[in-house]
Amino acid sequence: MGRKLIKYNLMIPGPTPIPTRVLAAMNKDMIGHRGPLFSAVTKEVMEGLRWAYETKNEIFIYPSSGTGGMEVAVVNTLSPGDRVIVLNIGNFGSRWAKICKAYGADVNDVKFERGKPAGPGALEAELKKGPVRAVFFQQNETSTGVLNDVETLAKTVRRLQPDALVMVDAVSGMMAAPLKTDEWDLDVVVAGSQKAFMVPPGVAAVSISQRAWKANANSKMPKHYWDWALMKAEAPKGHTYTTPPESLIFGMAEGLKMLKEEGRENVHARHKFNRDLVRTAAKALGLKLLADDSHASPAVTAIFPPEGIDGEQVRAALRDEFNVEVAPGQGELKGKIFRIGHLGYVDSLDIIGAWAAVEVLFKRLGAKVSFGAGVKAMMELL
Ligand SMILES: Cc1ncc(COP(=O)(O)O)c(C=O)c1O
């Protein structure tokens with residue numbers, strides 16, 4: 001017997017909390033996926049994604065997690081032996097490199113210090129070494145909470161190698177931060193349903209520029225499930241090559257509708273403000289943040305716990321004692337940090353509640369931090 005928290009508070013950078021409206025929209029009977037009813041929903045989702053991506057490019061949707069979308073980008077544009085650059089600022093940068101290597105590309109894996117963005121100067125130096133087929137990077141690196149300057153990186157590629165493809169993993173950044181696919185001339189952009197779209201995991205989206213289509217015509221990497229040629233025939237009819245994840249597509253339509261109602265700028269501003277709340281609170285306690293303010297992610301914040309406390313300990317205790325789920329450090333950062341997601345269907349008050357739990361926990365663990373200072377700083381920001 002005793003007092004218990006009954007609500008689960010999901011504060012990770014995907015999957016993110018699902019609004020009741022999206023859950024209700026998904027709770028439908030299955031219908032024929034080659035018929036007019038479903039085709040209308042698929043077309044609506046494709047159009048909504050074009051709005052989110054700020055593009056007129058073709059967008060294909062796949063029944064897949066985000067990683068599948070990354071693989072789509074690689075196998076449809078490259079051939080074995082192609083030289084590519086990966087701007088690796090974290091775990092998901094490493095994933096680009098692993099996928100490219102798995103299919104036989106010649107990968108220049110350019111690693112940056114964890115917590116830092118990819119520097120255009122370093123990219124310029126690599127591009128000057130010789131022609132490459134493509135440059136891969138993240139819009140938002142979820143493992144470190146760093147937002148890359150996509151526009152500047154893309155412009156650097158265009159200036160030095162106009163024909164090279166710019167390949168952007170926007171899985172965790174799409175709609176959390178601006179991403180202008182057409183204006184910035186991005187060739188393939190990958191997104192995933194389980195992030196700012198407020199939908200469960202299982203749908204990956206990929207946009208394709210004219211330059212990417214040209215590359216596709218010469219691409220010799222093996223493919224079938226991901227093959228754009230198979231999707232190309234189906235997409236104009238509002239169909240997918242394989243059986244679509246219907247419930248998720250219903251959810252995507254509703255999630256996109258909600259985002260449009262809120263308005264792009266407001267969605268971005270909400271994410272930015274929620275990021276500022278977390279950073280303000282952490283700083284008020286004197287905690288170190290992995291990313292500098294100048295390139296801090298609006299989707300997730302990586303925080304070093306107080307002296308003597310392990311990141312994993314914070315994560316486990318928050319879950320066990322307060323029903324608050326935060327994310328662990330990944331790869332070389334495991335145990336060193338914990339990450340608070342503020343992505344998708346998350347409001348300021350959710351964050352303040354979760355942070356209150358963080359502070360109580362630190363007090364229980366004997367951390368020398370000023371109890372309540374973070375929550376107070378957040379309230380002042382509100
Ligand atoms: C930036 C980024 N890229 C790729 C992925 C991989 O997506 P998935 O886990 O859905 O395959 C993630 C997942 O968190 C991500 O945050």
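# A guided tour of the predicted model

Begin by selecting G286: this residue, just after helix α10, takes a positive phi of about 75°. The model on display is a predicted one, and residues are numbered from 1 along each chain.

**Helix α10**

From G286, step back to helix α10 itself, residues 264–284. At 1.5 Å a residue, its 21 residues should span 30 Å, and the end C-alpha atoms are 30 Å apart, which agrees. Colour the buried residues of α10, among them V267, H271, N274, R275, L277 and V278. Which elements do these buried residues pack against? Display α9 (246–262), β11 (300–303), β14 (338–341), α12 (348–364) and α13 (373–381), since the buried residues of α10 pack against them.

**The sheet of three strands**

Two of those neighbours, β11 and β14, belong to an open sheet in the order β11-β14-β13, with antiparallel pairing. β11 and β13 (327–328) stand at the edges, each with a single partner strand, so one side of each is left without a neighbour in the sheet. Zoom in on β13 and β14, which are joined by 2 bridges and run antiparallel. There, P328 stands opposite F338 in β14.

**A177 and its contacts**

Select A177 next, in the loop between β8 and β9 (188–192). Is A177 buried or exposed? A177 is buried, because 22 other C-beta atoms lie within 10 Å, where 20 or more are required. Leaving aside residues up to four places away in sequence, A177 touches Q139, N140, L147, H268, H271 and P298. One of these, H271, is among the buried residues of α10. For a distance to draw in the viewer, take A177 and V132: they are 45 residues apart in sequence and 28 Å apart in space, C-alpha to C-alpha.

**The sheet of seven strands**

Now display the open sheet of 7 strands, in the order β2-β10-β9-β8-β5-β3-β4 with mixed pairing. Its edge strands are β2 (58–63) and β4 (106–111), each of which pairs on one side only. On average, neighbouring strands of this sheet are turned by 20° against each other, direction ignored.

Start at the β2 edge, where 6 bridges join β2 to β10 in an antiparallel arrangement. I61 stands opposite A205 in β10. On β10, residues 203–208, 6 of the 6 residues are buried, so the strand is largely enclosed by the rest of the structure. V203, A205 and S207 point one way from β10, whereas A204, V206 and I208 point the other way. Moving on to β9, 5 bridges join this strand to β10, and the two run antiparallel; the bridge partner of V190 is V206.

At the other edge, β3 (residues 83–88) and β4 run parallel and are joined by 6 bridges. The bridge partner of I85 in β4 is N108. Add helix α4 (residues 91–102), which lies across β3, β4, β5 (134–138) and β8 (165–169) and runs at about 160° to β3.

**Helix α3 and the ligand**

Finally, select helix α3, residues 66–77. Of its 12 residues, 10 are buried, so α3 is largely enclosed by the rest of the structure. The buried residues include G66, M70, E71 and T77.

How many residues surround the ligand? There are 13, and the closest are S65, G66, T67, T142 and V171. By class, this shell has 3 nonpolar, 9 polar and 1 charged residues. G66 thus closes the tour as one of the closest residues to the ligand and as a buried residue of α3.

How values were computed
This is a predicted model: local features need pLDDT of at least 70, side-chain atom pairs count only at pLDDT 80 or more; totals for chains, interfaces and linings use all residues. A residue is near a molecule or strand if its C-beta atom, placed from the backbone, lies within 6 Å of it. Ala, Val, Leu, Ile, Met, Phe, Trp, Tyr, Cys and Pro count as nonpolar, Asp, Glu, Lys and Arg as charged, and the others, Gly among them, as polar. Two strands pair if DSSP finds at least two bridges between them. Helices (H or I, at least four residues) and strands (E, at least two) are DSSP runs, numbered from the N terminus. Axes are lines fitted to C-alpha atoms, for helices over the stretch in contact, and angles run from 0 to 180 degrees between N-to-C directions. Two residues are in contact if their C-beta atoms, placed from the backbone, lie within 7 Å. The expected span of a helix is 1.5 Å times one less than its number of residues.
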